[in-house]
Amino acid sequence: MADTIYQGDVGLEILVDCVRDLTGAASPALRVRLPSGAVRSWPAAVAGPGQDAARLRYVTRPGDLAEAGVYKLQAALTLGDWSGLGRTASFTVRPRFS
């Protein structure tokens, strides 16, 4: 991710390290709690082969970072007969011109 994230940023790559190989994961997504408390689901993809296969990747779209404040996210996926969420991570979105 960028060093500083601003409200309204589009095209920001978000990588979430899940620590284990996610090859074959079904329905990978990022569950996101916005600063307002609303919860969204952003469709993610396994980043690639090798070490990147332990990461989920999402690129922000218009409206994803509409709120300034702290965003919390968790990886969500199914892998084999396990289905669940990863550890919570967070990042801060700053207001424009701050």
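Ala, Val, Leu, Ile, Met, Phe, Trp, Tyr, Cys and Pro count here as nonpolar, Asp, Glu, Lys and Arg as charged, and the others, Gly among them, as polar. On that basis, the lining of the largest pocket comprises 11 nonpolar, three polar and three charged residues. The model is predicted. This briefing covers its largest nonpolar core, an open sheet of three strands, the largest pocket and two loop glycines.

**Nonpolar core**

- The largest nonpolar core has 21 residues, and the members that touch the most others are Ile14, Leu30, Leu65 and Phe91.
- At least two residues of this core come from each of strands S2 (13-17), S3 (26-33), S6 (55-59), S7 (69-79) and S9 (89-94).
- Strand S7 makes the greatest contribution to this core, with five residues.
- Beyond its neighbours within four places in sequence, Leu30 is in contact with Ile14, Val16, Arg40, Ser41, Trp42, Ala44, Leu56, Tyr58, Gln74 and Ala75.

**Three-stranded sheet**

- Strands of a sheet pair through backbone hydrogen bonds, in either a parallel or an antiparallel sense.
- Here, three strands form an open sheet in the order S2-S6-S5, with antiparallel pairing.
- S2 and S5 are the edge strands, each pairing on one side only.
- Five bridges connect S2 and S6, which pair in the antiparallel sense; Val16 has Leu56 as its bridge partner in S6.
- Strand S5 (residues 45-46) is joined to S6 by two bridges, and these strands also run antiparallel; the bridge partner of Ala45 in S6 is Arg57.

**Two faces of strand S6**

- In a regular strand the side chains alternate between the two faces of the sheet.
- The side chains of S6 alternate: Leu56 and Tyr58 point to one face and are buried, whereas Arg55, Arg57 and Val59 point to the other and are not buried.
- Leu56 and Tyr58 are also among the contacts of Leu30.
- The bridge partners named above lie on opposite faces of S6: Leu56 is the partner of Val16, and Arg57 is the partner of Ala45.

**Largest pocket**

- The largest pocket has a volume of about 350 Å³.
- Its lining consists of 17 residues, of which Cys18, Trp82, Leu85, Gly86 and Arg87 lie nearest the centre.
- The elements S2, S7 and S8 each give two or more residues to this lining.
- S7 gives the most to the lining, with four residues, and S7 likewise gives the most to the largest nonpolar core.

**Gly86, a pocket residue in a loop**

- Gly86 is located in the loop between strand S8 (82-85) and S9.
- Gly86 has a relative accessible area of 30% and therefore counts as partly exposed, because that class lies between the buried limit of under 20% and the exposed limit of over 50%.
- Gly86 and Cys18 are 68 residues apart along the chain, and their C-alpha atoms are separated by 7.0 Å; both residues are among those nearest the centre of the largest pocket.
- Outside its neighbours within four places in sequence, Gly86 is in contact with Gln74 and Ala75, two residues that are also in contact with Leu30.

**Gly24, an exposed loop residue**

- Gly24 is located in the loop between S2 and S3.
- Gly24 is exposed, because its relative accessible area is 66% and the exposed class begins over 50%.
- Thr78 and Leu79 are touched by Gly24 when residues up to four places away in sequence are not counted.
- Gly24 and Tyr58 are 34 residues apart along the chain, with 17 Å between their C-alpha atoms.

Note on methods: Residues numbered from 1 in each chain as written. Predicted model: local features only at pLDDT ≥ 70, side-chain atom pairs only at ≥ 80, totals over all residues. Heavy atoms only, no water. Core = buried A, V, L, I, M, F, W, Y, C linked by side-chain atoms within 4.5 Å. Buried < 20%, exposed > 50% of the residue type's maximum accessible area, 1.4 Å probe, protein only. Contact = heavy atoms within 4.5 Å. Pairing = 2+ DSSP bridges. 1 Å grid on protein atoms, 1.4 Å probe; cavity = no way out; pocket = protein on both sides within 12 Å on 5 of 7 lines; lining within 4 Å. Points joined across faces, edges and corners; volume = space filled by probe spheres on them.
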